[in-house]
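Colleague: Please take a close look at a single part of this model, namely any enclosed empty space, and set the answer beside a short account of chain B.

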Amino acid sequence: MSASTSRPTDVELLDHVWGARPGFVGWLGQCNHKAVGRRFVFTSFFFLLLGGAMALLMRTQLAVPDNTVMGPDTFNQLFTMHGTIMMFLFVVPMLEGFTIYVAPLSLGARDMPMPRLNAFGYWAFLAGGVFLLSSFVVGAVPDSGWFAYVPLTGPEFAPGLNLDFWLLGVTMLEVAGIVAAIEIVTLVARFRAPGMSISRIPVFVWASFVASVMILFAFPPLVAGTVLLELDRKLGTTFYNAAFGGDPMLWQHLFWWFGHPEVYIQLLPAVGIAAAILVTATGRRMVGRVAVVAALVAIAILSFGLWVHHMYATGIPLIATSLFTAASFMIAIPTAVIIFSFIATMWWGRIRWYVSMLYVVGFIVIFVAGGITGVMVAMVPFNWQAHDTYFIVAHLHYVLVGGSLFPILGGLHHFMPKLTGRIMNESLGRWAFALNFIGFNAAFLPQHWLGLFGMTRRIWTYEEGLGWERLNLLSTAGSYTMGLGMLLFTINMILAHLPGGQRSGPNPWGGPTLEWATDSPAPNYNFRSTIQVTSPEPLWDHESRTGAGTGDDTGGEDPDPPWWQRQLDRPETGLRQTVVTTTLDAEPDHLITLPGHSLWPLWAALSLMIALTGVLVDFWAIALIGTGGLIASCAAWLWPGVE
Amino acid sequence: MRADRSRTVIPIRERAHGVAMGGWGLWLTIIVMVMFVAGLSAAPLYLETAQPRAPITGEVSAGWPPPGIALPAMGRAVLAIVLGALGAGLVGGALRAVREGAVRLTGILLLAGVALLAGSVVTIVLDIAAAPFSYDEHAYTSTYWILSSIGAVFLGTAVLMAAAVLVHVLTGVVDAERHLELGNATVYVWTCVALTTVLLIMVHVHPRLVAG
């Protein structure tokens, strides 16, 4: 309450209505996009460190010939879990976390459209991660690669629970990814600030939107594939068993139907983050902004026509490989549009070399190199030579580390003020970047030659005298250098959040989009007054109202707001209301009420985990209890009364 | 589906425009379901295409299904689809009734719809149980058991969805103006019936077509 009056001020009232309930239960029941987004980001960062540590162990084993740090079984488990963690537990959840936290702020919204579904997505992600990692506790770690090729993963060649952990855990993670995608698409379609027509949506949000649409089309076939494989393993069905009319190739088609778009699902939001950093750091609008958005859409469409280029060595008919080669070449065109647009923006801007900008440059250099080797492996004759060698390992790491990890690390520097209100140290950040950039290239550049010299993937050791010794040692030294860089990055992140860490104002980098108009970290209610967007960079123009309520000409309050804005600014009903706008022009259309605290998403995710655990251990009563719990949680979730 | 049918919507203009939040969520969920069924349907299509064209030695037999595995009768599958369609029609009828303000009739139609949809689920389960083969004899028999079962699961979720809306009707939160959940449930139930039909066609009609 205000000291001078018995009525709470608008801000106090907003804070009360949009705030979390007190205590641990209140913390658990938070569904607000900021709580969920932060949880996604920091949990997936933990998984990044875990996956990175596994990579270091593998490189230690491969540092010298005939090394005995670990046996082949442990090596198999490490490369499987490294790939699985990076693909399913780090990159996609991290990017969804960024989107869930930042996109509502960039769009001028007060929350995600379905907050409880949002919370369920996080709990399902966490449950999937715990489920997968619990395989270490029981000594049944998945060991057949992150792609789980049949028949190696069938009941005959992979007895035990190892692959069941993988199949069930990945299914849960896919469900988490799908619900987050549904949220993000709906958010972008209807939760934009008045005036933010589709031509004014920030590039980062566009990229996340496109990737989310891709998830809706790419993830379900993998769920279908994993369900069929788990049935082969548990019940003895024969979908992938050639002896009974099945076909192992069915798995590869279903997997890569998901797997190749997945590469771009990991790339596009990261490109969006890089674009947000780039525009801020150069202080100018994105060159060819519309072309960049069109390129994002083109990449999304083309990416669904490329999956067979992972299968050239499987005996696919030559005419089919020719078609997929052509499609693989085509995707270089929209990718080049984005890269040239980035370079032109830097060319015409005045670059401020924040650490985040260094990571963007690192992204361009490394990703272009990965793209060029991508064109090489898209050619069938070369692919047949390089298939399953370290050349492919090098290529995919150049694409994914350059295309996803570097923008994410830059994004953590860039968005940390908004996430937590703290700024990471720039000097430490530069050292970490230098170690990461040099370490990465030292680790993976030699692997191209290793592959060409015949070193195959997934081997746990090699004999002396094959000519691989020096390159492997260099690669291991590089990986340790990068490990040091990541350690420094983590220390920097921790130091920033200790009591003496640097605090941030609303817009420490001079960013142009709406997330920088509000406090750092964003308050419970995000914005407290009228937003009216008139350009893609509302904080740089002189006409947009940015919801900051600062009282100045450009970002201030509307002196005579409409009735609905007054209702949103002073929610005396105690309801979490927000404005919904039309899809194309973002004209204010109606107000809706959003739910707040709820534990049902947590119970639903826990029930799902219990059900899958029952399936894992062949204890069908537990599976039924979990299914019953899931149905009961959903029933309670849907029970009337939210409004 | 329309935003102005939602209880939580307060129009800013004369009436709310476009699809409601729940409608967006539903349509996107339908995309996910369709892609899931596409992935499942790829199994019989791909496996049948990959079968040897002529009998060969060893355990693998040509054909889809191979000689010795009799195709199950289609009667119960047709009955299940008819029951499902009738159930979905009754849920749609409930939507029409609520628009006209007949809340009691809405409840009755929904209850009947739930019963018919549940009957459809039971029919599919009986159909699977009566199959003249086990799920582990051949990829076709696996396909038959699993795709039919997943069809039953789809219809089972439709039953739950319609029952949840029935609770809303019985608790009095649905009226002639605000009945978005019933509109969404109608679309969802019809989608489930359609997807189940596709899955049943894949296991009943597709083998007969490729057999000439």
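Modeller: A cavity is a set of grid points where a 1.4 Å probe fits but cannot get out. In this structure, which is a predicted model, there are 5 cavities of 30 Å³ or more. The largest cavity has a volume of about 190 Å³. It is lined by 19 residues, and those closest to its centre are Pro202(A), Val203(A), Ala276(A), Val279(A) and Thr513(A). Four elements of chain A give two or more residues to this lining: α4 (72–107), α7 (203–234), α8 (248–282) and α14 (390–420). Of the elements, α8(A) gives the most, with 4 residues.

Chain B may now be set beside this cavity. Its 5 helices and 1 strand follow the order β-α-α-α-α-α from the N terminus on. Along the principal axes, the C-alpha atoms of chain B fill a box of roughly 75 × 30 × 25 Å. Chain B has 212 residues, of which 51% count as buried. When contacts in chain B between residues at least 6 apart in sequence are considered, 76% join residues at least 24 apart. Chain B exposes about 8,800 Å², and carbon and sulfur atoms supply 69% of that area. Finally, chain B carries 12 positive and 11 negative charges, and the mean positions of these two sets are 10 Å apart.

Definitions and conventions:
Residues are numbered from 1 along each chain as its sequence is written. Chains are lettered from A and ligands numbered from 1 in the order in which they are written. This is a predicted model: local features need pLDDT of at least 70, side-chain atom pairs count only at pLDDT 80 or more; totals for chains, interfaces and linings use all residues. Side-chain values use heavy atoms; hydrogens and water are left out. Buried means under 20% relative accessible area, exposed over 50%, partly exposed in between (1.4 Å probe, protein chains only). Contact means heavy atoms within 4.5 Å. Accessible areas come from the Shrake-Rupley method with a 1.4 Å probe; for residues, only the protein chains shown count as cover. Lys and Arg count as positive and Asp and Glu as negative; His and the chain ends are not counted. The place of a charge is taken as NZ of Lys, CZ of Arg, CG of Asp or CD of Glu. On a 1 Å grid over the protein atoms alone, a cavity is a set of points where a 1.4 Å probe fits but cannot get out, and a pocket is an open set with protein on both sides within 12 Å along at least five of seven lines; lining residues have an atom within 4 Å of a point. Grid points are joined across faces, edges and corners, and a volume is the space filled by probe spheres set on the points.
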